[in-house]
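Trainee: I've got a new model open and I'd like to talk it through. Can we start with how it is described?

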Amino acid sequence: MLEARNLRKSFGELVATDDITLEFGKEDGELVFIVGPNGAGKTTFINLLTGFLSPDEGSIVLDGDDITGMSANGRVDAGIARSFQVVKVFEEMTVRENLRTVVLTEQGKTWSLFSMADGHEKVEAQVEELLEKFRLEDAADTVAEELPHGDRKLLDVAMSFGLDPDYLLLDEPTSGVSTREKEYVIETIVEVGRAEGVTTVTIEHDMDIVTEYADRVVALHQGTVHGVGPPTMLETDDELRRLLLGVGDDE
C-alpha cells in the first residue's frame, strides 16, 4: 500500500499541501481520481508521492517502509511510475523504439548490449505486448512526433507501464486530447490498469470521465482533503460541486 502521512509542502507563503493523509492500493487495480479546482495542490501532491518534490513535513510509506527520502528513480525501481501532463517521449524514435528503450531500462540492459543480449526475444515479446495492450500495433513503426495526440498520450502511458509499476500516477492523461479521442484514451488506460492489477491515481478535470470510471474519488481544496468517497459524491456534495465549477489560482 502507498500512503501519504500528514504531508505538508509550502512555496514561500503558499501552502500547496497541508496535512494530507491518504492511502492507495488497498485493492489491486483500484482506479482513484483526484479532483479539485486550480490551486488545490493536486500536481504538488503527485510530485511529492513520486519524489519530484520533498515534503516540508510528513512522510510517504510504501508497503510499510518509509520512502520519504528516496529519489524519483528509486521510487520507479520500487514500483511507482508516473506520466506527466505534457507528454514526454523520444520524438524522433518510432513507437516501437520508444517502448523497447523502456523495456531495456526496466531489465537493466542498454542499447549497446541489446544485439548481444540473451533476452532479445523476451524484450521484443514485452514490446509487442505493450503495443497490443495500448492499441498501438498499427502505429508501431510511426515516428512519435507524427502521432495523433491521443496516441502520443497512450504511448506516454505505455512507456510508464513498461517500467512494471505497482502504482501508476497520471497527471491529466486526457489533457489536450480531442473529445473524440478522450474516451478511447481513458478506456485503454483503465482496461490495462485493471487487467494488470496496477493501482492508478489520476488527476482529471473532466467530471464525466471521473463519474464513469472512478472506483474512488479524492477531492482536494486549498491543499487539504475536502473529501474521499465514491464518484457519486460529485453529485451529492454541493460544496464540492461549487468548488469544481468555480475559478481558482493556478496550481
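Mentor: Sure. Helices and strands here are DSSP runs, numbered from the N terminus, with at least four residues for a helix and at least two for a strand. Keep in mind that this is a predicted model.

Trainee: Okay, so where is D237 found?

Mentor: Look at α9, which covers 233–236, and then at α10, which covers 238–245. D237 falls in the loop between α9 and α10.

Trainee: Which residue has its backbone nitrogen 2.9 Å from a polar atom of the D237 side chain?

Mentor: A polar contact needs N or O atoms within 3.5 Å. The D237 side chain has a polar atom 2.9 Å from a backbone nitrogen, and that nitrogen belongs to L240.

Trainee: Over to the sheet. Which strands stand at its edges, and why is one side of each left without a neighbour?

Mentor: It's an open sheet of four strands, paired antiparallel in the order β2-β1-β4-β5. An edge strand has a single partner, so one of its sides has no neighbour in the sheet; the two in question are β2 and β5.

Trainee: And which helix packs on that sheet?

Mentor: Follow the contacts to β1, β2 and β4. The helix that makes them spans residues 42–50, and its direction is at about 60° to that of β2: helix α1.

Trainee: Last one: which element gives the most to the largest nonpolar core?

Mentor: That core has 30 residues, with V95, L99 and F134 among those having the most contacts inside it. Elements giving two or more residues include α3, α5 and α7. The top contributor, with six residues, is α6.

Conventions. Residues are numbered from 1 along each chain as its sequence is written. This is a predicted model: local features need pLDDT of at least 70, side-chain atom pairs count only at pLDDT 80 or more; totals for chains, interfaces and linings use all residues. Side-chain values use heavy atoms; hydrogens and water are left out. A polar contact is a pair of N or O atoms within 3.5 Å; within protein, one must be able to donate a hydrogen and the other to accept it, and residues adjacent in sequence count only if both atoms are side-chain atoms. A nonpolar core is a set of buried Ala, Val, Leu, Ile, Met, Phe, Trp, Tyr and Cys residues joined through side-chain atoms within 4.5 Å. Buried means under 20% relative accessible area, exposed over 50%, partly exposed in between (1.4 Å probe, protein chains only). Two strands pair if DSSP finds at least two bridges between them. Contact means heavy atoms within 4.5 Å. Axes are lines fitted to C-alpha atoms, for helices over the stretch in contact, and angles run from 0 to 180 degrees between N-to-C directions.
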